[in-house]
Amino acid sequence: MEELNLAGKTAIITGGGTGIGREAAITLSQIGVNVTIVGRRLSPLEETAERIHQAGANALVFQGDVSKEADVKHLVGFCVTEFDTVDILINNAGINGSGPIHIHDVKTWDEVMAINLKGPFLLARYVLPLMRGQRDGHIINISSESGLEYYEGNGAYGVSKHALNALGEYIQRENQEYGVRVDTICPGMVVTPMSDRAKGLNREKCLFPEDISDLILWLLKKRQNVKIGRPILIQTMENPWE
C-alpha cells in the first residue's frame with residue numbers, strides 16, 4: 001500500500017531542541033520535510049539545526065514561547081513567508097509540575113497550563129485556517145501516559161495532559177471534513193532532559209525519543225482516510241521504575 005510522500009512538506013515542531021522534539025525534527029528532515037524547530041532556549045535549537053544541516057537537510061530555528069500569542073503569530077507568519085504554508089504541526093513542548101492539588105504551587109500550575117495546554121491551543125488556532133484552506137494538514141500532540149491514568153501527586157502536569165487529549169479530539173472533530181487529521185501520542189517514561197532527575201528510574205528500561213519519532217513518522221505517512229480514534233499509549237514491556 002502506497003504511503004504518503006512527505007518530501008517538500010513543512011512542519012513546525014515545538015520543543016524541538018531536545019528529546020522527542022529533536023529526534024522528530026531529525027527524522028522528518030531526513031525524508032525531505034522542511035522543519036522549523038521552536039523553543040525558548042536558543043542554544044539547543046541551534047545545535048539541533050546544525051546536526052540537521054550537516055546531514056544535508058533543511059531546518060530553521062525560531063526562538064519563542066508557545067504560551068505567548070504574539071510569538072505564535074510571528075512563528076506561523078515566519079513559516080508562511082519561508083515555505084508558503086504549514087502542513088504539519090507537532091505540539092511537543094512541555095514542562096513538568098507536580099504536587100498534591102491542595103498544596104500545589106499556584107505559579108507552577110499556571111506555567112504548566114500555559115506551556116502544555118495554552119501553547120497547543122494557540123498553535124492550532126493559527127495553523128488551522130491554513131490547513132482548512134488547503135484541505136490538508138496533520139497535527140500531532142505529544143501528551144503522556146499521565147494523560148490517561150491518574151497518578152496521585154501528578155498535579156498540574158497530569159491535568160494538563162488529560163486536557164490536551166480532549167483538545168486534540170475537539171480539533172479532530174471540528175476539522176476532519178477539511179482534510180485535517182489529529183493524532184495524540186501518550187508515551188510512558190522517555191529518556192529526555194525532563195526525566196533526568198527522576199529517582200528510581202532505570203533508563204535502560206525506558207522508551208527513547210527514537211521510539212516516539214518512529215511512531216510520529218508512521219502516523220504522518222498513513223493513508224489520509226485512516227483515523228486513529230483515541231490517544232495512542234506507547235509503553236515499555238518492562239517496568240522502568242526500580
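**View 1. Where helix 3 ends, Asp84 takes over with a positive phi, near 80°.** This is a predicted model, and Asp84 is a good spot to start looking around in it. Most residues other than glycine have a negative phi. Asp84 has a positive one even though it is a residue other than glycine. You'll find Asp84 in the loop between helix 3 and strand 4 (88-91). Is Asp84 buried or exposed? It counts as exposed, because its relative accessibility is 64% and the cut-off for exposed is over 50%.

**View 2. Helix 3 (residues 69-83) has a buried side and an exposed side.** Let's begin with a ruler check: 15 residues at 1.5 Å a residue should span 21 Å, and the end C-alpha atoms of helix 3 are indeed 21 Å apart, so the two agree. Now for the buried residues, which are Val72, Leu75, Val76, Cys79 and Phe83. They cover an arc of only 90° around the axis, so they sit on the same side of helix 3. Flip to the other side and you meet Ala70, Lys73, His74 and Thr81, which are exposed. And what covers the buried residues of helix 3? The cover includes strand 1 (10-14), strand 2, strand 3 (59-63) and helix 4 (106-134).

**View 3. Helix 2 lines up its buried residues along one face.** The ruler check works here too: the 13 residues of helix 2 should span 18 Å at 1.5 Å a residue, and its end C-alpha atoms are 18 Å apart. Which residues of helix 2 are buried? They are Pro44, Leu45, Thr48, Ala49 and Ile52. Looking down the axis of helix 2, you'd see these buried residues fall within an arc of 130°, which means that they line one face. Helix 1, strand 2 and strand 3 are among the elements covering them. Just past the helix comes Gly56, with a positive phi near 85°.

**View 4. His53 is another residue of helix 2.** His53 is partly exposed, because its relative accessible area of 37% falls between the 20% and 50% cut-offs. Along the chain, His53 and Ile26 are 27 residues apart, and their C-alpha atoms are separated by 9.7 Å.

**View 5. The largest pocket holds about 1,200 Å³ of space.** Its lining is made up of 49 residues, and the closest to the pocket's centre are Gly94, Tyr157, Thr192, Met194 and Ser195. Which elements give two or more residues to that lining? They are helix 1 (19-30), strand 2 (34-39), helix 2 (42-54) and helix 5 (155-175). By type, the lining residues split into 20 nonpolar, 22 polar and 7 charged.

**View 6. Gly200 sits in the loop between strand 6 (180-187) and helix 6 (209-221).** Leaving out residues up to four places away in sequence, what does Gly200 touch? Its contacts are Pro240, Trp241 and Glu242. Glu242 is 42 residues away along the chain, yet the C-alpha atoms of Gly200 and Glu242 are separated by 5.2 Å. With a relative accessible area of 35%, Gly200 is partly exposed.

**View 7. Arg135 is a loop residue between helix 4 and strand 5 (137-142).** Check its backbone angle and you'll find a phi near 55°, a positive value in a residue other than glycine.

Technical notes: Residues are numbered from 1 along each chain as its sequence is written. This is a predicted model: local features need pLDDT of at least 70, side-chain atom pairs count only at pLDDT 80 or more; totals for chains, interfaces and linings use all residues. Side-chain values use heavy atoms; hydrogens and water are left out. On a 1 Å grid over the protein atoms alone, a cavity is a set of points where a 1.4 Å probe fits but cannot get out, and a pocket is an open set with protein on both sides within 12 Å along at least five of seven lines; lining residues have an atom within 4 Å of a point. Grid points are joined across faces, edges and corners, and a volume is the space filled by probe spheres set on the points. Helices (H or I, at least four residues) and strands (E, at least two) are DSSP runs, numbered from the N terminus. Ala, Val, Leu, Ile, Met, Phe, Trp, Tyr, Cys and Pro count as nonpolar, Asp, Glu, Lys and Arg as charged, and the others, Gly among them, as polar. The expected span of a helix is 1.5 Å times one less than its number of residues. Buried means under 20% relative accessible area, exposed over 50%, partly exposed in between (1.4 Å probe, protein chains only). The arc is that of the directions from the helix axis to the C-beta atoms. Contact means heavy atoms within 4.5 Å.
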